[in-house]
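Got the viewer open? Here is a short tour, one selection at a time.

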Amino acid sequence: MSDVIVIGAGPAGVVAAVRAAELGARTELLARTELGGMAANDGPVPVRTLAHASRLMRDAQQLGRYGVTVSEPVLDYSRLLARVRQVVEDLRSHSSVRKRIGCLGVKVREQSGTVRFLDAHTVETQGGLRLQAEKFIICTGGISRRLPIPGFELTSTHSDAWGLTSVPPSMLVVGGGATGAQVASIFNAFGTRIQLFETGPRILATEDEDVAAAASRAFRESGMVVKENFGTIESFEKTPTGIRMNFSKDGKRDSAEAALVVVAVGWVADSARLNLAAAGVELNERKFVKVDEYLRTSAPHIFAAGDIIGRLMLVPQGAQTGFVAATNAVMGPTMPLGEEVTTTGSFTEPEYAQTGLSEAKARAAHDIVTAVLHFDSTARTIIDGRTFGFCKLIADRKTAKILGCHVIGERAVDIAEVAAIAIAAGMRVDELARIPLAFPTYAGILANVAVNAARQLDLRVGWQARQMECTGTAE
Ligand SMILES: Cc1cc2nc3c(=O)[nH]c(=O)nc-3n(C[C@H](O)[C@H](O)[C@H](O)COP(=O)(O)OP(=O)(O)OC[C@H]3O[C@@H](n4cnc5c(N)ncnc54)[C@H](O)[C@@H]3O)c2cc1C
């Protein structure tokens, strides 16, 4: 019998296994297929590689502006997919985590298939191998939500979209959240005619309103059809050239058609085949595994981490919760899950990101000041010909501490990351403004917007050289 069995080998499971072994537990890690989970094989890594290709196509279109003459870029999709596979493979072979797992003596069982509980201390792999442990950590992640709608089986998920052998002429993307926007943006760059349908009043519903509005505008300007508030889907049906989605709004029927329909309407726990009832593990009202602040499930010897608990469903948070769950599984409930500053965003065109408190949340809890710097007034973005977008910094009016940041435009995620560090360090806007960051850089945009915020608060920034860039509007 092992001390700890970790089920699922994505970022959460791998970190949980490493942590448990570091703490001296005899640990087994059960991977359905290979180490890495969705993050390495189907999520961020493949998506980021495709997004990079779409960026290259975009950049190639700018070459003429900079006096470089080349012929029109042409995409060879099968070669791009080969590159995606190569990137996934390279990451796998260079993975330091794999080496660490080996050094720590974690028993890794790849190709375990779908694992399920037989009782509170026993699991069975798909091949019928029965394994027992004192403690378990469930890290089985999530899957795309399916809709109970006639013809839904005709639709695809983001994974199917990555698996295409050629770029479809047209695509209907249902769901304007992070995944839908990403799929739409990438294939739009590859030349697919995109219709992005969102049932709510705006795409990117969890982002700042100004950011979502700017993204929606940019998507439309790049040729996508974006339909917010489109109504309710009634069915999908096959047509001679693709798939039709029938929907209705206010009693009026309508339809839209494309060669491929990708549905990205949410992410649900991958728990159905775990037989959790046999182990006494309960789900919460959102159907994710219910955990307390120590990531203990309703069965006190079973813990859970990553997407399966339905909190922020991102790689860093998966790893963080894996670490916390394993610590508590081995050491007893000693480490509550902290409230770290988190950055979210997506590598769409344009890119967007947020960190810390959103403007709406900050406004509800603080007296705030916001400063906005538009990208058409900063040196680096003008140099690079990337003047679409803005950076919005949110600070507490009384303490001048930075509370949050929203960015849309080139390298938005990188800019937000710098803001995250400033927030985590408890910096005031004038302190950030005084740092002589290199010129001309994307990170420098943040320091400039901090100058604007500091001025609104009548704080001296003391270092005036940056004034040459401070032409953005302070709001
Ligand atoms: C298109 C897309 C793009 C994304 N982009 C980003 C990004 O840019 N940045 C970011 O931080 N996050 C991104 N994410 C989210 C990120 O991939 C997830 O948050 C992260 O992978 C969650 O890690 P996890 O370990 O909880 O689960 P997973 O990575 O999903 O790993 C869980 C593993 O458990 C396996 N499993 C499931 N059930 C069982 C079972 N019964 N028995 C055995 N094994 C099982 C699964 O097959 C899987 O391999 C993206 C997600 C998607 C879909």
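A residue belongs to the shell around the ligand if one of its heavy atoms lies within 4 Å of it. Keep in mind that this is a predicted model.

Start by selecting helix α2, residues 37–41. This helix gives the largest share of the ligand's shell, 3 residues. Now add α1 (11–22), α3 (44–62) and α9 (315–331), which, like α2, each give two or more residues to that shell.

Next, show the whole shell of 29 residues; Ala 12, Met 38, Val 115, Asp 307 and Val 315 come nearest to the ligand. Colour the shell by residue class and you get 16 nonpolar, 10 polar and 3 charged.

Time for the polar contacts. Pick the side chain of Asp 307: one of its N or O atoms is 2.8 Å from a ligand oxygen. At Ala 12, look at the backbone instead, where a polar atom is 3.0 Å from an oxygen of the ligand. Then go to Arg 32, with a side-chain N or O atom 3.1 Å from a ligand oxygen. Switch on a surface: the protein covers 90% of the 1,000 Å² of accessible area that the ligand has on its own.

Now leave the ligand and look at rings. The whole structure holds 8 aromatic pairs. Select Tyr 77 and Phe 187, a tilted pair at 6.1 Å centre to centre, with 55° between the planes. Tyr 77 is in α4 and Phe 187 in α7, so the pair ties together parts that are 110 residues apart in sequence. Add Phe 190, which meets Phe 187 edge-to-face at 5.8 Å and 80°. Tyr 77, Phe 187 and Phe 190 make up one aromatic cluster.

Last stop: Arg 48, which sits over the face of Phe 347, 3.9 Å from the ring centre.

Conventions: Residues numbered from 1 in each chain as written. Predicted model: local features only at pLDDT ≥ 70, side-chain atom pairs only at ≥ 80, totals over all residues. Heavy atoms only, no water. Phe/Tyr/Trp six-rings, centres within 6.5 Å; stacked < 30°, edge-to-face > 60°. Helix = DSSP H or I, 4+ residues; strand = E, 2+ residues; numbered from the N terminus. Lys NZ or Arg CZ within 6 Å of the ring centre and 35° of its normal. Polar contact = N/O pair within 3.5 Å; in protein donor to acceptor, adjacent residues only side chain to side chain. Areas by Shrake-Rupley, 256 points an atom, 1.4 Å probe, with all protein chains shown as cover. Nonpolar A, V, L, I, M, F, W, Y, C, P; charged D, E, K, R; others polar.
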